[in-house]
Structure formats: structure tokens, C-alpha cells
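Q: Please take me slowly through the inside of this protein, with a close look at how its aromatic rings and their surroundings are arranged. I am new to reading structures, so longer explanations are welcome.

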Amino acid sequence: MRLPARCAICTLLATAALLSACERDPAPDDATNAQAQAEVPEEETITEKEDPVELIEPSDLGPKAPAIYFTTGLKGYTEPCGCTADVLLGGIDRITAFVDDSRKLHPEALMIDGGDWLFEYDTIEPHMEPQERAKADVLAAAHKSMGTLFSVPGPRDLALGVDFYLEKMSQAGMVPLSANLQLHQTTPKATHVAELGDWTVGFVGLTQPALVEKVYQVEARDEEAALREALGQLPEVDATVLVYQGSPGRAEALAEQAGIDFVIQGHNPEKRVDAVALDEDSFLLEAYDQGRYVGRLKLYGPEAEGDFVDARAASAEAREALRTQIGHVEGNISLLDVRTGGEETPLRQRLQERVDKLKEELATLEREGFEIPEQGRAFLFEAVAMEPGYRLDDAIEKAREDFNADLARLNAEVEREVIPVEEGEPFYIGTAQCATCHVQAHEFWKGTDHASAVATLEERNKAFDQSCIGCHVVGWEEPGGSVLGKITYEAELGGTTFTKDLNNVGCESCHGPGSQHRLQPLDASGTPQHILRKPTEQACATCHVEEHSPRFDFDVYVRQITGEGHSYSGAP
């Protein structure tokens, strides 16, 4: 089965060609407004971010107060994907150190998990099991180190069965929290009550039945009835938090039940930096997935009564407007750098000055754009980006690096066979075979990042990671293509044996398997045949998915991987 988002340092694109337009000096406002008509710049790859970053110290937001930290949807990620600058956030060793350092900022703090922490998918092929089991040990060690209290079972957690899930939970020092699940012979706790400074906080775990209805040894009862029952069993608490594995729509409906102050979305959480008001007295909190953000909820007014007030609500619209403006101007700076090769022109300097000013305004609002009422209860929520620069936990970093270094051994024990080709169908032959005729196109290709896609994995001990390699080679898990351990191998074409080398993102990644084209390149009229001459967006979209390539734009990107000797005139 071909996984739809296979990548830890996803497919890299060619270096952008210089834009032909001459430079002019519009006013900064014009440059910002021009973004809608401008091309999207090439994504920055991890190999372009080699400059050391300054160490970032965790900072607090607002007056001292007890804090709840949480992760949601880790999905088995031990480190950032690294495909582009947009997805360099995260790292389980970074999260561990951040939580440890952040505890020193608060008089009281606790750590919880919203579920889906073990695996990226809810089913795991047998050949993936060795590395996934080993990676789970790294994540369990991190949760153990962070002192995570509990996690709500999600479908991705149960991909290797109930027994494995419970084993990893015990190893991590966590307990499963779910008011409506029965895990084989284990009945999870429905609620968890924690003393947090002067607050008593009640947590309820809940999983949407539809997510686990096909999971062996898991029984789920009606979530609404289970929630009512769990809320009725809670002792008197100052705040109630529903930690939910389910769809946002159901989360909102469940939050309408009396007594719920906050809902933490654990299943497929979105990228939100602010709390979302669900109704007059409850709020949805999301911290995104893959460990790219850590949620932090601070509570004020334990002696007061009434509903919670979002202390950042007044500045939310202004902060979002500033983020939009920053994105527009930075986009134009990137375009200008492509055109000028990064030359420090007067226009670039003006645009950079504007970005710096906007960021200063945003930083001020981020740090000061809140109001804690003197009377009543309030909260401050922040999704903290796990940026490069936060320190790494030494023990977890070592565990992660040991896992990467051991991938070759783990996966060497897995026996795979290339998927057979049906009679009459084409198969993959490798870029070297294409080069025998398409010399100029091959020379152009060698200058693109596609040609060194495997090298980017080797730099990080990821060339044997099955979650990554598929987007860095030709024909992964396709008939007549590549599989683990068989990326370079002997094959026969037209009665001749040759070495098929499917490393890197080559010709056939875009144009399809080329065996028939190699034997009969032209039809009777002299027109190329048996090959996809003009690739469509679909070919790119198997790897350039939103999760790993958030700024992907086919019309722009296709021009970045084509050029002299390798032209593109548009899809048919």
C-alpha cells in the first residue's frame, strides 16, 4: 500500500530560475498588495537552513498562574519533517526540554496528551512494524520524562492492537482516559481530577465511536451518554476540561452540555493559536499535530464564580491582521531574493524594515495584548511553536538519534519483493536509462534538488526510514518499481539485463514508468509514445501534500523543475 504522505524530509524542488522581470521600486504598500499576483517562491529546504540558531528560552505569557500543558496528535513524529521551512517545527527532544523548562515558569503546572501519539496511521503494514515499534519506545521515554499524566485513546494509538497500546502507556507512565471505551479487559478511567495550585481541575476523556468501530478488542458506547455520566461522577471542581478524540463538529455539540469549560481537540487538531468560543461558556483549544506546537492553558480567578473569559479576545483580530501582513511582505522578499540572488537592494531593505516593524507590533500584542479582569475568572491560551532554538533534552535526543542510526539494521531484517507487473503493462527503468536519449534534459535534472533527494535523507540517517524514503525515490511501492531493500537491482528489458537504479526523484516520478517508451519511443508518425509527456498536478500531489508541502503550487513549482532542455508548455 502506498502511503499518501510518505516523508520526513519530503521531495525537494529544483533551485528556482531567475525571474526575467526587471527590478522596480514600488512603495512597500504596493509590494505587499502585489502578493496576490506574484508567484509563490520556492520552498526553503532544510539544507538551506544550516546557520546555527540562537538559543530560545521559554517565556511566560501574562501574570503567574497555574498552567496546563498539552500535546495533541503527535502521530509518531520524533522530529520535524524538515521538508520545507514551514515544517521545521517540532521534535520530541525539543518538546521534552520545553516542558521541563516551562515548569520553572509557573508555581504549578501539569502535562497531558490528547491522544493519537503513537503512529501516523491507524493501520500499519507488517513491513513497517519493526521501525514503528522502536520509534514508540522513543516517544514513551519522552512522555515518561515529561511526567505526562494521561492520554485519550485515538485510532492511531491502536494501530498495533490494544495490548501494545497499553504496554506503551505503562512504559510512558501514563494512564488511558476514556469515559466510553472498553479496551479488551481494561476499563480506562473516565475522569481525572488534579490539584493545580488553588484550582481543582476535572478532566474527562472521550473517543468518538466511529473512529474505533473496526478496532479489534475495542468496544465503544454512546459518547453523549458516557459524557453525562462522567460529568455526574466528578466531584466539585473549579474547571472542567473535555479531552476529545473525535471530529470538531461533535466536539462542539458535546461542549453544549452544562459544566464543560474547555474542549481540547485531540484528533486531527488544526493550526490555531487562539481559543475558539464554542458557545457562551466553553472554548475549543487546539495545538496542531506532529509536535509542532505545545498548548498552554493558564487559569485566573480561582475564588471567583461565573464563566471563563478569554483574556486575549480583545486583541485576536489585530494579531491575525498583523500575521497576514507579515506573510504578504515576507512572500515578496522571497520573490525578490529569487530575482536578485539575495542581493541587498534598496527595495529589499525597505521591505525587511517593514517586516521587522510588523513583527515588533505583533510581539508587543502577543506579550501585552490581554486583559486579566480584577473580578471573575479568566484564562490565557497559547499554542507555542516548537521552533529551532529551544534546547533539546539530552537523553531524548540520544534516544532519537540512536533510533535513526538503527533504522538500517531494523529494516534490513524486513524481506520485501517488488510488486509484480501485469502482462503488457510498463515498469520503471530508472533515470540512467532515460538519459541515454534525453541527454540535455538529464543534464538539467542533475542540477535540481530532485537529483539529490536521497542524499538529504542520508545526511540525517533517514535513508532507511520507510516513512521518508518513498518520496525520495522512483516508483515506491508501485508495480515494477522500488521497495525497501530493492531500490537498485538487476532487471531485464528487451532481452538485455541492466541495473535498475531508482534512487532520487527522477524522470519517471513525473512521466510514469518508461519501459515501453524505452523500447518504442516513437509511433509511426514520429510522435513520442508510451510515456506521460506533460505531467499533471496529480503526479506531484502524492508527495507534495498539505501536511508536508503547505505552499505547494503546481503552476509555480513545475516551472522550477523545468528549464533549458527540459521545457514545460502546460498540461494537456
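**Rings, cores and sulfurs**

A: In this predicted model, W199, F262, F283, F308 and F379 are joined into a cluster by ring pairs. The structure as a whole contains 11 aromatic pairs. One of them is formed by Y69 and F98, whose rings lie 6.2 Å apart from centre to centre, with 75° between their planes, an arrangement called edge-to-face. This pair brings together distant parts of the chain, since Y69 belongs to strand 1 (residues 67-71) while F98 belongs to helix 2 (residues 92-103), and the two are 29 residues apart. Y69 and F98 are both buried.

F98 has a further partner in Y390: the centres of these two rings are 5.2 Å apart and their planes meet at 70°, so this pair, too, is edge-to-face, given that an angle over 60 degrees counts as such. Here the span along the chain is 292 residues, because F98 sits in helix 2 and Y390 in the loop between strand 15 (377-385) and helix 10 (394-405), so the pair ties these parts together. To follow the word "buried" through this account, you need one cut-off, namely a relative accessible area under 20%. F98 has a relative accessible area of 1%, so it counts as buried, and Y390 is buried as well, at 11% relative accessibility.

F98 also leads us to the nonpolar interior, for the largest nonpolar core has 42 residues, and F98 is listed with I92, I95, W117 and V218 as having the most contacts inside it. Several elements each supply at least two residues of this core, and they are strand 1, helix 2, helix 3 (129-146), helix 4 (162-172), strand 5 (181-183), helix 10 and helix 11 (407-412). Helix 3 gives the most, contributing seven residues. If we set aside the neighbours of V218 within four places in sequence, V218 is in contact with L158, V162, L181, Q182, L183 and V212. A second core, separate from the largest, has 31 residues and includes L285, Y288, Y293 and F381.

The cysteines complete the picture, and here the count comes to one disulfide. The disulfide joins C471 to C543, with the two sulfur atoms 2.0 Å apart. The torsion about the S-S bond of C471 and C543 is about -100°, so this disulfide is left-handed. Like the ring pairs of F98, the disulfide links distant parts of the chain: C471 lies in the loop between helix 14 (453-458) and strand 16 (488-493), C543 lies in the loop between helix 17 (537-541) and helix 18 (554-560), and they are 72 residues apart. C471 is buried, with a relative accessible area of 4%, and C543 is buried, with a relative accessible area of 9%.

By contrast, C434 takes part in no disulfide, and the nearest cysteine sulfur, which belongs to C507, is 4.0 Å away. C434 nevertheless counts as buried, at 15% relative accessibility. For C540, the closest cysteine sulfur is in C510 at 5.4 Å, which is too far for a bond, because two sulfur atoms must lie within 2.5 Å to be taken as a disulfide. C540 is buried too, with a relative accessible area of 16%.

Terms used
Residues numbered from 1 in each chain as written. Predicted model: local features only at pLDDT ≥ 70, side-chain atom pairs only at ≥ 80, totals over all residues. Heavy atoms only, no water. Phe/Tyr/Trp six-rings, centres within 6.5 Å; stacked < 30°, edge-to-face > 60°. Helix = DSSP H or I, 4+ residues; strand = E, 2+ residues; numbered from the N terminus. Buried < 20%, exposed > 50% of the residue type's maximum accessible area, 1.4 Å probe, protein only. Core = buried A, V, L, I, M, F, W, Y, C linked by side-chain atoms within 4.5 Å. Contact = heavy atoms within 4.5 Å.
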